[in-house]
Amino acid sequence: MTTPNALFNAVHAIGFELPTNFVSVNVDSSQLEQLCEKLSPLFERSKLKHSQHSDLQLLLGLFTLHHEKLLHQLNAQQESLLAMQRVIDGSLENKHAAAFKSPLIIEFWLTMHLWLFVQGQLEMDYSLANDYATEASLLLVSFTPVSADELRCEWNESFYKGSNILKEFAGGNKGIRGWLAKVFK
């Protein structure tokens with residue numbers, strides 16, 4: 001039996017918050033919910049099949065798989081997406097054109113944030129996460145108003161937010177009580 005959006009609950013349980021202070025891609029909470037709804041059945045099947053793994057480990061596997069799938073799709077569709085973007089940019093003013101992004105671009109951008117956040121939580125190697133962010137930023141830069149470096153930095157910030165949540169949780173005398181107090185404030 002599936003839980004209503006178990007993945008969305010798991011993503012919030014690990015402390016992920018939708019990035020809101022970036023200008024590269026406009027994303028709202030409904031898009032995060034849609035992504036989680038889409039991937040939730042696979043997440044739940046993984047939980048049943050691999051019950052020996054933590055949710056965090058399952059999230060890493062899920063977002064790694066999804067990242068690879070989206071990367072393949074973006075590479076395959078890049079020319080047509082760029083042509084569509086040129087038509088939109090040429091037909092609309094900048095402020096209106098920015099509102100039109102392919103769902104694939106939005107999903108990839110959001111998946112990168114989630115994936116790197118989880119990597120940070122698992123204290124994985126930063127240089128590898130940075131390499132992934134660099135590769136992805138070079139692919140996505142044509143679809144955003146920011147440079148590849150700015151895009152890479154956005155994603156790396158999610159990596160650090162993930163690793164900092166662990167430090168906040170374990171830091172000082174606060175422990176779990178301090179973290180719960182902060183959550184329920």
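These are my notebook entries on what I looked up in this structure.

**Entry 1: the overall picture**

I began by noting that the model is predicted. I then counted the secondary structure and found eight helices and zero strands. Read from the N terminus, the order of elements is simply α-α-α-α-α-α-α-α. The protein has 185 residues, and 43% of them count as buried. I also looked at how the contacts are spread along the chain: of those between residues at least 6 apart in sequence, 75% join residues at least 24 apart. For the surface, I noted about 10600 Å² exposed, with carbon and sulfur atoms supplying 56% of that area.

**Entry 2: helix α1**

Next I turned to helix α1, which covers residues 6-13. Which of its residues are buried? I listed Ala6, Leu7, Phe8, Ala10 and Val11. I followed these buried residues to their packing partners, and they pack against α2 (29-49), α3 (55-91) and α5 (103-121). After α1 comes Gly15, and I noted its positive phi, near 95°.

**Entry 3: the salt bridges**

As a friendly reminder to myself, side chains of opposite charge can pair when their charged atoms come close. How many salt bridges does a search of the whole structure find? The search gives four, and I wrote up three pairs.

I started with Lys38 and Glu107, whose side chains meet at 2.9 Å, N to O. This pair links distant parts of the chain, with Lys38 in helix α2 and Glu107 in helix α5, 69 residues apart. I checked the exposure of each partner. Lys38 counts as partly exposed because its relative accessibility is 45%. Glu107 is buried, since its relative accessible area is 15% and the cut-off for buried is under 20%.

I then looked at Lys47 and Asp55, where the salt bridge is 3.1 Å, N to O. Lys47 is partly exposed at 34% relative accessibility, and Asp55 is partly exposed too, with a relative accessible area of 31%.

**Entry 4: Arg152 and its surroundings**

My next pair was Arg152 with Asp149, a salt bridge of 2.7 Å, N to O. Both residues lie in helix α7, three residues apart, or about one turn of the helix. That helix spans residues 148-170. Is Arg152 buried or exposed? I have Arg152 down as buried because its relative accessibility is 17%, whereas Asp149 counts as partly exposed at 46%. I also asked what Arg152 is in contact with, leaving aside its neighbours within four places in sequence. I found Tyr126, Asn130, Ala133, Thr134 and Ser137. For orientation, helix α6 takes in residues 126-140.

**Entry 5: the α5–α6 loop and a charged patch**

I stopped at Glu123, which sits in the loop between α5 and α6. Its phi is near 55°, a positive value in a residue other than glycine. Glu123 is exposed, with a relative accessible area of 62%.

Last, I looked for charge on the surface. Which residues gather in a patch of negative charge there? I noted Glu68, Asp125, Asp131 and Glu135. One of them, Asp131, lies in helix α6, and I put Asp131 down as partly exposed because its relative accessible area is 48%.

Technical notes: Residues numbered from 1 in each chain as written. Predicted model: local features only at pLDDT ≥ 70, side-chain atom pairs only at ≥ 80, totals over all residues. Heavy atoms only, no water. Helix = DSSP H or I, 4+ residues; strand = E, 2+ residues; numbered from the N terminus. Contact = heavy atoms within 4.5 Å. Buried < 20%, exposed > 50% of the residue type's maximum accessible area, 1.4 Å probe, protein only. Areas by Shrake-Rupley, 256 points an atom, 1.4 Å probe, with all protein chains shown as cover. Patch = residues over 30% accessible without salt bridge, like charges linked within 9 Å, V, L, I, M, F, W, Y side chains within 5 Å. Lys, Arg positive; Asp, Glu negative; His and termini not counted. Charge placed at Lys NZ, Arg CZ, Asp CG, Glu CD.
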